[in-house]
Amino acid sequence: QVQVVESGGGLVHPGGSLRLSCAVSGSGFEIYEMGWYRQAPGKERELVAAITRGSSPNYADSVLGRFTISRDNDKNTAYLQMNSLKFEDTAAYYCKVTIPYGWSYSEDYWGQGTQVTVSS
């Protein structure tokens, strides 16, 4: 059974930094895509950054230049380095991984989320 566990959230001042981790276990297949999403109260969940095996990452415009996504394929772990945090980055951050099981079939797995709060 695939499990996705996020960690690293917390309370930080504006301008500060946090590093989120997303650890995946229970998968005997390669992970195709690992992505970070966030959801603020009253808003829809949105893509923050995603990285596909063998490709360059993509970012939401709102975090470009401040956040960096990376992955360690040997550890089945993704990271999100968040710098220059702003009030509007406050949200629950979720990790989603996509695992293909064949040429035309894949499944998405979500973690439970980790809270990031930017406050003075």
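**Exercise 1.** Find which residues Thr-114 is in contact with, leaving aside neighbours within four places in sequence.

*Solution.* Start with the ground rules: this is a predicted model, where local features need pLDDT of at least 70 and side-chain atom pairs count only at pLDDT 80 or more, while totals for chains, interfaces and linings use all residues. Residues are numbered from 1 along each chain as its sequence is written, and side-chain values use heavy atoms, with hydrogens and water left out.

Next, list the partners, taking contact as heavy atoms within 4.5 Å: Glu-6, Ser-7, Gly-8, Gly-9, Leu-20, Ala-91, Ala-92 and Tyr-93. Then zoom in on Gly-9, whose backbone nitrogen sits 3.1 Å from a polar atom of the Thr-114 side chain.

**Exercise 2.** Is Thr-114 buried or exposed?

*Solution.* Buried means under 20% relative accessible area, exposed over 50%, and partly exposed in between (1.4 Å probe, protein chains only). Thr-114 comes in at 12% relative accessibility, so it counts as buried.

**Exercise 3.** Track down the disulfide and say what it ties together.

*Solution.* Look for a pair of cysteine sulfur atoms within 2.5 Å. The structure has one disulfide, and it joins Cys-22 to Cys-95, S to S 2.0 Å. Now place the ends on strands (DSSP E runs of at least two residues, numbered from the N terminus). Cys-22 is in strand 3 and Cys-95 in strand 9, so the pair ties together parts 73 residues apart in sequence. For handedness, check the S-S bond: at -75°, the link of Cys-22 and Cys-95 is left-handed. Last, check accessibility: Cys-22 is at 0%, so it counts as buried, and Cys-95, also at 0%, counts as buried.

Technical notes
Polar contact = N/O pair within 3.5 Å; in protein donor to acceptor, adjacent residues only side chain to side chain. Helix = DSSP H or I, 4+ residues; strand = E, 2+ residues; numbered from the N terminus.
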